[in-house]
Amino acid sequence: MAARGRISSAAMEVTVGPVVVVERQRPPAELTDEEVEIWAAVVDCEPSDKFSPATAPMLAQYCRHVVQAKRIAVLIERATSDIDPETKQPTLSIEDYDRLLKIQERETRAISSLATRMRISQQATTNHRGNKKPIAAKKPWEPRARG
């Protein structure tokens, strides 16, 4: 039950404790330079304590899938821009093109699934109106719970 009446000035004082420095999760050594760039981009966009050693393998796999998806996109672009001078048609067969698109779809699904599970997708960070979800942190001027 809440206390009645006005809150005393002593109860409203903000006490500042020691500042705790939380290091960001470091990328695993087995990641390539491209994958480390993706890792840094993801980790730097989140609070420093969001990722732990327990979530590192999932984030590493996410980085691998993003790099592979970029490589597949380059292959698709390169293959569709190669035109046969005689027929004026792409040199890529329909079967090969379809295979590349299926690979791209698989990578996209994996990226989407991992991002959703790690709560780094737009769906996880916005409410139903598209606004950023508020961080449920207690404001410094709000009274502390008495215990």
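A helix here is a DSSP run of H or I that holds at least four residues, and helices are numbered from the N terminus. Keep that in mind, please. By that rule, glutamate 107 sits in helix α4. We will come back to glutamate 107.

One thing to say early. What you see above is a predicted model.

Let's start with the overall layout. The protein has 5 helices and 0 strands. Follow the sequence and you read α-α-α-α-α. The protein has 147 residues, and 22% of them are buried. Now take the contacts in the protein with a separation of 6 or more. Of these, 58% join residues 24 or more positions apart.

Next, helix α3. Please find residues 56-81. That is 26 residues. From first C-alpha to last, α3 reaches 38 Å. At 1.5 Å a residue, the expected value is 38 Å, and α3 comes close to that.

Which residues of α3 are buried? The full list is Ala56, Leu59, Ala60, Tyr62, Cys63, His65, Val66, Val67, Ala69, Ile72, Ile76 and Ala79. What do they pack against? The answer is two helices: α2, residues 33-44, and α4, residues 94-117.

That brings us to the core. A general point comes first. In soluble globular proteins, nonpolar side chains tend to be buried together. In this model, the largest nonpolar core has 19 residues. Trp39, Leu59 and Tyr62 have the most contacts inside that core. Helices α2, α3 and α4 each supply at least two of its residues. Which helix gives the largest share? Helix α3 does, with 8 residues.

Zoom in on tryptophan 39. Leave out residues up to four places away in sequence. Tryptophan 39 then touches Gln25, Arg26, Pro27, Pro28 and Leu31. It also touches Ala56, Leu59, Ala60 and Cys63. Those last four are on the list of buried α3 residues too.

Cys63 deserves a word. Cysteine 63 is buried, at 0% relative accessible area. Cysteine 45 is exposed, at 64%. How many disulfides does a search of the whole structure find? It finds 0.

Now for charges. Side chains of opposite charge can pair when their charged atoms come close. A search of the whole structure gives 8 salt bridges. I will show you three of them.

Number one joins arginine 71 and glutamate 34. Their closest N and O atoms are 2.6 Å apart. Arginine 71 is in helix α3 and glutamate 34 is in helix α2, so the pair ties together parts 37 residues apart in sequence. Are the partners buried or exposed? In between, in fact. Arginine 71 is partly exposed, at 38% relative accessible area. Glutamate 34 is partly exposed as well, at 39%.

The next two are inside helix α4. Arginine 99 meets aspartate 96 in a salt bridge, 3.1 Å from N to O. The two residues are 3 apart, about one turn of the helix. Aspartate 96 counts as partly exposed, with 32% relative accessibility.

Then lysine 102 meets aspartate 98, at 3.2 Å from N to O. Here the spacing is 4 residues, again about one turn. Lysine 102 is partly exposed at 47%, and aspartate 98 is partly exposed at 35%.

Why do spacings like these suit a helix? An α-helix has 3.6 residues a turn, so residues three or four places apart point the same way.

Back to glutamate 107, as promised. Glutamate 107 is buried, yet it has no salt bridge. The nearest side chain of opposite charge belongs to arginine 106, and it is 5.9 Å away. A salt bridge needs the nitrogen and the oxygen within 4 Å, so arginine 106 is too far off to form one with glutamate 107. What does glutamate 107 touch, leaving aside neighbours within four places in sequence? It is in contact with His65, Gln68 and Ala69. Two of these, His65 and Ala69, are buried residues of α3.

One last stop: arginine 119. Look in the loop between α4 and α5, where α5 is residues 122-125. Phi of arginine 119 is near 60°, a positive value in a residue other than glycine. Arginine 119 counts as exposed, at 57% relative accessibility.

That's my tour. Thank you.

Conventions. Residues are numbered from 1 along each chain as its sequence is written. This is a predicted model: local features need pLDDT of at least 70, side-chain atom pairs count only at pLDDT 80 or more; totals for chains, interfaces and linings use all residues. Side-chain values use heavy atoms; hydrogens and water are left out. The expected span of a helix is 1.5 Å times one less than its number of residues. Buried means under 20% relative accessible area, exposed over 50%, partly exposed in between (1.4 Å probe, protein chains only). Contact means heavy atoms within 4.5 Å. Lys and Arg count as positive and Asp and Glu as negative; His and the chain ends are not counted. A nonpolar core is a set of buried Ala, Val, Leu, Ile, Met, Phe, Trp, Tyr and Cys residues joined through side-chain atoms within 4.5 Å. A disulfide is a pair of cysteine sulfur atoms within 2.5 Å.
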